[in-house]
Amino acid sequence: MPLPDVIVHIMACIENCMRFDLITIFPEFFNGPLDHGIVRRTSEAGLIHVHVQNLREFTKGRHRTVDDRPFGGGEGMVLKPEPLFEAVESLLGRSVGDAAKQNEQDPGTAIVLMSAAGRLFDQETARRYSQLQRIILICGRYEGVDERVAEHLANEEVSIGDFVLSGGELPAMLVVDAVTRLLPGALGNEASSQNESFSELQAVTAKPDKSWNTTRSESGKEVRMLLDFPHYTRPAEYRGWKVPEILISGNHAEVAKWRKQKAVEKTRRNRPDLFS
Ligand code: SAH
């Protein structure tokens with residue numbers, strides 16, 4: 001007798017399922033983003049499990065208050081520490097209190113605070129996260145989060161770019177997406193995540209040369225700091241614009257050369273900083 005889907009899902013999860021916990025005051029925010037494409041399919045296949053945690057469940061009192069005025073005065077409200085510490089402790093099933101210690105105790109789990117003042121999230125960070133078993137993502141709101149969360153609860157404070165958003169939900173979702181698509185089995189075609197912007201070098205070319213701009217990542221691997229090459233599909237001619245001849249030639253070596261050249265050109269044009 002075939003096992004019910006839910007049992008298959010749980011078994012897969014126990015084996016090698018990565019778990020994301022999103023702590024937020026707007027749990028419904030994630031309904032759309034989690035329900036589409038690779039994230040949805042990966043979740044249905046039991047490779048990831050995403051749990052959305054309503055922060056208000058960890059508030060006391062009738063008003064379920066999550067925020068308060070800033071000490072020292074100034075604009076806006078700040079998310080209080082108590083509900084956030086209690087939410088994470090409840091998710092982990094144990095007490096926390098020292099981010100560094102928590103990291104030593106449980107290196108497979110990251111507690112990440114989404115913050116415009118954090119370290120920039122990039123493909124290297126996504127790759128590092130994809131090796132973990134669990135990521136707890138804390139979404140800030142208002143003027144931000146009581147600093148004790150960054151100091152003693154989160155072991156990482158992460159920004160998705162040099163701009164300020166109104167909440168950490170979109171940034172957290174972006175992390176879930178970028179990490180999920182790197183998990184083995186998430187993409188239909190394994191090669192796709194090895195052969196794109198910021199992918200690891202050895203998958204792309206065995207012999208780097210000077211034009212192939214690489215840098216050594218924190219993990220010591222060579223990372224290809226080039227953007228993806230341009231892609232084309234049918235029709236071969238659209239409104240008079242033709243697909244580059246070489247792509248239709250069937251000459252794989254020439255196609256590879258052309259793609260590399262175009263990737264270099266595009267990187268120089270759009271991201272000269274990657275060459276500096
Ligand atoms: N006062 C803060 C901004 C608060 S924005 C500052 O000047 O740095 C409210 C929340 O949105 C933050 O707590 C954070 O969780 C989220 N957020 C805003 N911009 C972000 C970014 N670039 N990356 C990650 N999270 C961000």
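**Close-up views of a predicted protein model**

**View 1. The whole chain holds 9 helices and 11 strands.** The model is predicted. Of the 276 residues in the protein chain, 26% count as buried. Look at contacts between residues at least 6 apart in sequence: 72% of them join residues at least 24 apart.

**View 2. Confidence varies along the chain, with a low stretch at residues 202-208.** The average pLDDT of the protein chain is 90. A score of at least 70 is reached by 88% of the residues. Over residues 202-208, the pLDDT is below 50. Beyond near neighbours in sequence, this stretch makes 9 contacts in the model.

**View 3. Helix α2 crosses helix α7.** Two packed helices are described by the angle between their axes and the distance between the axes. Here α2 spans residues 37-44, and α7 spans residues 169-180. Their axes come within 9 Å and cross at roughly 65°. Angles of 65 to 115 degrees count as roughly perpendicular, so that is the term for α2 and α7. The crossing is left-handed. Helix α2 brings Ile38, Val39 and Thr42 to the contact, and helix α7 brings Val176, Asp177 and Thr180. By type, the residues of this contact are 3 nonpolar, 2 polar and 1 charged.

**View 4. Ala126 of helix α5 meets residues from elsewhere in the sequence.** Helix α5 covers residues 123-129. Leaving out residues up to four places away in sequence, Ala126 touches Ala178, Val179 and Leu182. Take Val179: it is 53 residues from Ala126 in sequence. In space, the two C-alpha atoms are 5.0 Å apart. Is Ala126 buried, exposed or partly exposed? Ala126 has 19 C-beta neighbours inside 10 Å. Buried residues need 20 or more, so Ala126 counts as partly exposed.

**View 5. Thr267 sits in helix α9.** This helix runs over residues 252-270. Thr267 has 22 other C-beta atoms within 10 Å, so Thr267 is buried. How far is Thr267 from Asp228, in sequence and in space? The two are 39 residues apart in sequence. From C-alpha to C-alpha, Thr267 and Asp228 are 8.3 Å apart.

**View 6. Arg64 has a positive phi.** Most residues other than glycine have a negative phi. Arg64 is not a glycine, yet its phi is about 50°. Find Arg64 in the loop between β2 (48-54) and β3 (67-68). Around Arg64, 14 other C-beta atoms lie within 10 Å, so Arg64 is partly exposed.

**View 7. Arg239 is another residue with a positive phi.** Its phi is near 50°, and Arg239 is a residue other than glycine. Where is Arg239 found? Arg239 is in the loop between β10 and β11 (241-242). Inside 10 Å, Arg239 has 5 C-beta neighbours. Residues with 12 or fewer are exposed, so Arg239 counts as exposed.

**View 8. A cis peptide bond joins Arg234 and Pro235.** Most peptide bonds are trans. At the bond between Arg234 and Pro235, omega is about 5°. Pro235 lies in the loop between β9 (222-224) and β10 (237-238).

Technical notes:
Residues numbered from 1 in each chain as written. Predicted model: local features only at pLDDT ≥ 70, side-chain atom pairs only at ≥ 80, totals over all residues. Axes fitted to C-alpha atoms, helices over the stretch in contact; angles between N-to-C directions. Helix = DSSP H or I, 4+ residues; strand = E, 2+ residues; numbered from the N terminus. Parallel < 35°, antiparallel > 145°, perpendicular 65-115°, else oblique. Left-handed = near helix turned anticlockwise from the far one by under 90°. Contact = placed C-beta atoms within 7 Å. Nonpolar A, V, L, I, M, F, W, Y, C, P; charged D, E, K, R; others polar. pLDDT = per-residue confidence, 0-100.
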